[in-house]
Amino acid sequence: MLDTHALVWWVNDDGQLSRPARRAIERERRRENGQILVSSISAWEIALLAAKGRLVLTLDVGDWLDTAAEIEGVYFVPVDNVIAVHSVQLPGEFHPDPADRIITALARHHSAPVVTGDSKIRAYRYVETIW
């Protein structure tokens, strides 16, 4: 499962993506039936950041997301009612950011590690992370 910034940095081949994160993504892509999961909340976050001028993309945000979705092995996973409810029922203490809560709930639901540099997600002991 890719956190939003990990997706952007990976797709844009940005040097901010850590070497272990890049290796984990590529290893999953090479695996037979490998899946790089991305929450659809990341599409919302990317569109919001682009609209606010905090993220500059080389394409229109819709085209950028379409291009990312066309990468072999990348799957945008919709936020359904189960994930929405799980995001407010995460065990232990977790910060209130809704997008991070949804990404974390989705990762837990799929038993997938989160590729993230976000220190708050990485400190959360109820989800595996890679960075």
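Trainee: I'm new to this one, so let's start small: what is the relative accessible area of Arg-29?
Mentor: Keep in mind that this is a predicted model, where local features need pLDDT of at least 70, side-chain atom pairs count only at pLDDT 80 or more, and totals for chains, interfaces and linings use all residues. Residues are numbered from 1 along each chain as its sequence is written, and side-chain values use heavy atoms, with hydrogens and water left out. Buried means under 20% relative accessible area, exposed over 50%, and partly exposed in between (1.4 Å probe, protein chains only). Arg-29 falls in that in-between class, partly exposed, with a relative accessible area of 33%.

Trainee: Which residue forms a salt bridge with Arg-29?
Mentor: A salt bridge here is a side-chain nitrogen of Lys or Arg within 4 Å of a carboxyl oxygen of Asp or Glu. The closest N and O atoms of this pair are 3.5 Å apart. The partner is partly exposed, at 24% relative accessibility. Both residues lie in helix 2, three residues apart, about one turn of the helix, and the partner is Glu-26.

Trainee: How many salt bridges does the structure hold?
Mentor: Besides the Arg-29 one, Glu-28 pairs with Arg-31, with the closest N and O atoms 2.8 Å apart. There is also one between Asp-13 and Arg-22, where the closest N and O atoms are 3.4 Å apart. The structure's count of salt bridges is three.

Trainee: What pattern does the chain follow along the sequence?
Mentor: Helices (H or I, at least four residues) and strands (E, at least two) are DSSP runs, numbered from the N terminus. The chain has seven helices and four strands. Read in order along the sequence, they give α-α-β-α-α-β-α-α-β-α-β.

Trainee: And what is the radius of gyration of the chain?
Mentor: That radius is taken over C-alpha atoms, and the globule rule used for comparison is 2.2 Å times the number of residues to the power 0.38. The C-alpha atoms fill a box of roughly 40 × 35 × 25 Å, taken along the principal axes. The rule gives 14 Å for 131 residues, so the chain is as compact as a globular protein of that length, with a radius of gyration of 14 Å.

Trainee: Which element gives the most to the largest nonpolar core?
Mentor: A nonpolar core is a set of buried Ala, Val, Leu, Ile, Met, Phe, Trp, Tyr and Cys residues joined through side-chain atoms within 4.5 Å. The largest has 21 residues, and those with the most contacts inside it are Leu-2, Ile-46 and Trp-64. Two or more residues come from each of helix 1 (4-11), helix 2 (19-30), strand 1 (36-39) and helix 4 (61-69). With five residues, the one that gives the most is helix 1.

Trainee: How many of the residues in helix 1 are buried?
Mentor: Among them are Leu-7, Trp-9 and Trp-10. The helix is mostly covered, and of its eight residues the number buried is six.

Trainee: What is the phi of Asp-13?
Mentor: Most residues other than glycine have a negative phi. Asp-13 sits in the loop between helix 1 and helix 2, and it is exposed, with a relative accessible area of 59%. Although it is not a glycine, its phi is positive, at about 55 degrees.

Trainee: Where does Asn-33 lie?
Mentor: Asn-33 has a positive phi of about 60 degrees although it is not a glycine. It is exposed, with a relative accessible area of 65%. Its place is the loop between helix 2 and strand 1.

Trainee: Which side chain of opposite charge is nearest to Asp-100?
Mentor: For charges, Lys and Arg count as positive and Asp and Glu as negative, while His and the chain ends are not counted. Asp-100, in helix 6 (residues 98-109), touches Asp-3, Phe-94, His-95, Asp-118 and Ile-121, not counting residues up to four places away in sequence (contact means heavy atoms within 4.5 Å). Asp-100 is buried yet has no salt bridge, and the nearest side chain of opposite charge, 6.8 Å away, is Lys-120.

Trainee: How far apart are the C-alpha atoms of Ser-111 and Ala-51?
Mentor: Ser-111 is in the loop between helix 6 and strand 3 (114-115), and at 68% relative accessibility it counts as exposed. Ser-111 and Ala-51 are 60 residues apart along the chain, and their C-alpha atoms are separated by 32 Å.
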